[in-house]
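Reader: Got a minute to walk me through this one? I'd like to hear the reasoning behind the labels.

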Amino acid sequence: MKPFYITTPIYYVNDKPHIGHAYTSLACDVIARFKRLDGFDAKFLTGADEHGQKIEKAAAVKGIAPQAFVDEVSQSFRSLSDLLDLTNDDFIRTTEPRHVTAVQHLWKRLFESGSIYLGEYAGWYAVRDEAFYQEDELVEGKAPTGAEVEWVKESSYFFKLSAWAEPLLEYYAKHPEAIQPESRRNEVLRFIEGGLRDLSISRRTLKWGIPVPGDPDHVMYVWLDALTNYLSALGYPDDGYQFHWQQSIHVVGKDILRFHAVYWPAFLMAAGITPPKTVFAHGWWTVEGEKMSKSLGNVVDPVEMVDSFGSDAFRYFLMRDLSFGQDGDFSKTAFINRLNTDLANAYGNLCQRVLSFIYKNGEATIPTPGELTAEDHALVNLPAQLLPTLRTHIDNFHLNRYAEAIWQVIGEGNRYVDAQKPWALKKDDSLRMNTVLYNLCSLIKNVAILTQPILPLASSKILTILQAGNKDFSALEVALSPGQKIDEPQPLFAKHVV
Ligand code: MSP
């Protein structure tokens, strides 16, 4: 099987998961599920970033040792998978031995290649961003991100990042797909063209990190540590890591693109490892028009959303409402309107009116069709014909268009029901009624196969009612068997009041 590898950033576990974390993880899940249904050996990784000053401080505030603190708080990130029905194959924590081994190995490779030297760092450090800033980058005494900074002056190992500006530009010229979307790629290229400074990659005044091989007075800079998770989860330094690595995609928020598209590929090239195939940076959510923040008290909690609306609904809204890559606004009214219109009215209604009708009036059995008209064929073939377009949408990260395209087919299905009126045919043309209902069952089965990546629970319910066996994309070509029993349909999506 062809390999495919997709990763979320590993999350800082100093706080609870919010909509931002849920968003990246969901996008990766949709893509991973699609690729598996499409016959790929797709590996999906997420995890926790547990070292560094930010975590050390958060643990100190709670009066707990850092290891005990991360053991506890990483659980809420791990449980996001159950909550949102994520199909990650692994959950890596940077405090695990397999990761420590991989990071120390990478460090040694960098050291042996002459890419690391000991010097002294004097400059600003923002704990919130876990990032170094030069004096000229500060804006009114703060980091450009608004984070507080503190002065750091200490002995430090440096990575010769300055040597990698040209090789990175050459690499990106040859691999236009390596940074997406294009606007973000341009930002990164402008940044590299401005010249790169060597990067401090160790801290002496910090204890909570991975010790530098051969000099345990230093711990590694948390970003060098964290970025390596993408390799350690594949078993690096064992050679087997290369199988998935060659098809690697990192999905990240726009705020952490520089770490992924400048530092990370430079570390990798210096260690003789190919950079990731693609880094995709998505936008940020605001909430009801405002920046999301704890002080405003408007943080969207995925647990609350799933409790009130269900995981499918939350997944659908996040994937459908925003063009992936752009910023967007989370508004409860827009959320509920979309659930009512697209899920309850369009998809739910199509399934309910067809399947209940068959259950009540057709002896709960898939009917035997007569001859199909040209119009019937056109309708029934829509889902399978859509697959190549959906593939393109997934490969281009156009996740909202994925849903949009399927909902056009659902619209066609509802129009067909209205036009063919199976309830009217019941009186005088039962053969035609059976043909119409059979066509609709075929359509619903195939639509449900295509909606699995976004709506895993509802799709699975539909496929179970129809007792459709195999559920990967090859099942689009498998016809339903007339005479087969169907289970009693239940409403799939609740309607909500705005
Ligand atoms: N630990 C680092 C990543 C290391 S990866 C080697 C980190 N963690 S984080 O928990 O702070 O952020 C994780 C992700 O959440 C980032 O991709 C960030 O862009 C995303 N988001 C945080 N707030 C967000 C929104 N309001 N909207 C969308 N995504 C947001 O950074």
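**Ligand and helix packing**

Author: Sure, and keep in mind that this is a predicted model. Starting with the ligand, one of its nitrogen atoms is 2.9 Å from a polar backbone atom of Ile10.

Reader: What makes that pair with Ile10 a polar contact?

Author: The cut-off for a pair of N or O atoms is 3.5 Å, and the Ile10 pair is at 2.9 Å, so it counts. An oxygen atom of the ligand is likewise 2.8 Å from a polar backbone atom of Gly253, and an oxygen atom is 3.1 Å from one of Tyr12.

Reader: How do you know how much of the ligand the protein buries?

Author: Taken alone, the ligand exposes 680 Å², and 94% of that is buried by the protein.

Reader: And what surrounds the ligand?

Author: There are 23 residues around it, with Ile10, Asp49, Gly253, Asp255 and Trp285 the closest. By class, that shell has 13 nonpolar, eight polar and two charged residues. Helix H8 gives the most, three residues.

Reader: On to the helices: why is H1 called roughly perpendicular to H13?

Author: H1 (residues 19–37) and H13 (residues 311–321) pack at about 90°, with axes 10 Å apart. Roughly perpendicular covers 65 to 115 degrees, so H1 and H13 earn the label.

Reader: Which residues meet there?

Author: Among them, Tyr23, Leu26 and Arg33 in H1 and Phe314, Arg315 and Leu318 in H13. By class, the H1 contact with H13 has nine nonpolar, no polar and three charged residues.

Note on methods
Residues are numbered from 1 along each chain as its sequence is written. This is a predicted model: local features need pLDDT of at least 70, side-chain atom pairs count only at pLDDT 80 or more; totals for chains, interfaces and linings use all residues. Side-chain values use heavy atoms; hydrogens and water are left out. Axes are lines fitted to C-alpha atoms, for helices over the stretch in contact, and angles run from 0 to 180 degrees between N-to-C directions. Helices (H or I, at least four residues) and strands (E, at least two) are DSSP runs, numbered from the N terminus. Angles under 35 degrees count as roughly parallel, over 145 as roughly antiparallel, 65 to 115 as roughly perpendicular and the rest as oblique. Contact means heavy atoms within 4.5 Å. Ala, Val, Leu, Ile, Met, Phe, Trp, Tyr, Cys and Pro count as nonpolar, Asp, Glu, Lys and Arg as charged, and the others, Gly among them, as polar. A residue is near a molecule or strand if one of its heavy atoms lies within 4 Å of it. A polar contact is a pair of N or O atoms within 3.5 Å; within protein, one must be able to donate a hydrogen and the other to accept it, and residues adjacent in sequence count only if both atoms are side-chain atoms. Accessible areas come from the Shrake-Rupley method with a 1.4 Å probe; for residues, only the protein chains shown count as cover.
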